[in-house]
Amino acid sequence: MRRTGSGSAPPPYLRIVREIQRRIDTGALRPGDRVPSIRQAAAEWGVATATATKALDTLRRQGRVVAVPRVGTVVADPAPGAPRPGEGRARRSRPAATGPDGERDRVVRAAIALADAEGFESVSMRAIAAKLGMPTMSLYGLLRGKEELAVLMADTAFGELELPEEPPPGWRAHLELAARLQWRLYLRHPWLPRLMSLTHPQPLPHLLRFGAWGMSAVLKLGLDPEAARLVWWAVANHVRGTATNLEAQRDAERHTGLSPDQWYVAHLPSLRAALSTGAAPIDDRLGFDLTAFFEAGLQLLLDGAAVQIGRQHRRADPPR
């Protein structure tokens, strides 16, 4: 028969409850942070899933955690008037509500500012809540989580593009302008290219507006829609693909303290020894500029598009 006296060990589920309570009380887990899932808790404490389920149910009944759809179980906000872990009695007041749409827009713009300053990896519901002085859980009333936030960040960023009502004459000038507008947007927001997908595109209103404006440059040439789409996608993906290096470049500069040119100079002897040949010597003056690379690639791509467009026209209007 199991002993239940004061010297007996606590039930396994209670050990989990107490440890998660401790993490919350010490600030290791903060409001809005995910707590271990049932499967994670079972693995971490070496218990059955039924035991882990009982532990999380206990924490929910205590009001320490709450289940958020599509997110998981997260630390609940303290009751009104209760101090936050590590904050004593001091609490930052929540800003006056400006309506769900206005509040959500404010959250999205705060996330963009954070990503611009520190990179997309720094964006979290907790970090944004701290930046705005809002309870973390209140953000889940506006957004389902970081995935939805990322979609809104991308659409808001593309909404910054100012597209001329009258594009420049000629399909090539039109596509050049579209590509350069997209490139400048990525320069402002180096995290943005990672949110774009050629194979799983999001139907974002501002992105669709930009795409329709760019594709109109080739559609009005009378090409079949599939050929027009391929030309536009090739241009847009060249910009996006090249721009994926912007965030990596910024991270490398922060890590090494060296610009691309400085990095090249520092490693020139090794590069010359490994790559230089009589036919293709390494030039001491050679550096690397992503914008110049983008421009050179754009011209090569448009030269190829011109050939394709010419072929389409010749097939559509064969000589008599």
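This briefing walks through the aromatic ring pairs and the charges over rings in this structure. Keep in mind that the model is predicted. Across the whole structure, a search turns up four aromatic pairs. Phe158, Tyr186, Phe210 and Trp232 are joined by ring pairs into a cluster.

**Phe158 with Tyr186**

- These two rings, Phe158 and Tyr186, meet edge-to-face, with 6.5 Å centre to centre and 85° between the planes.
- The pair ties together distant parts of the chain, since Phe158 belongs to helix α7 (residues 146–158) and Tyr186 to helix α8 (residues 171–188), 28 residues apart.
- Phe158 counts as buried because its relative accessibility is 1%, under the 20% cut-off.
- Tyr186 also has 1% relative accessibility, so Tyr186 is buried too.

**Phe158 with Phe210**

- Phe158 has a second partner in Phe210: the ring centres are 5.9 Å apart and the planes stand at 40°, so this pair is tilted.
- Here, too, distant parts of the chain are linked, with Phe158 in helix α7 and Phe210 in helix α9 (residues 205–219), 52 residues apart.
- Phe158 and Phe210 are both buried.

**Charges over rings**

- If you look at Tyr13, you will find Lys54 lying over the face of the ring, at 4.3 Å from the ring centre.
- Over at Phe120, the charged end of Lys146 sits over the ring, 4.6 Å from its centre.

Technical notes:
Residues numbered from 1 in each chain as written. Predicted model: local features only at pLDDT ≥ 70, side-chain atom pairs only at ≥ 80, totals over all residues. Heavy atoms only, no water. Phe/Tyr/Trp six-rings, centres within 6.5 Å; stacked < 30°, edge-to-face > 60°. Helix = DSSP H or I, 4+ residues; strand = E, 2+ residues; numbered from the N terminus. Buried < 20%, exposed > 50% of the residue type's maximum accessible area, 1.4 Å probe, protein only. Lys NZ or Arg CZ within 6 Å of the ring centre and 35° of its normal.
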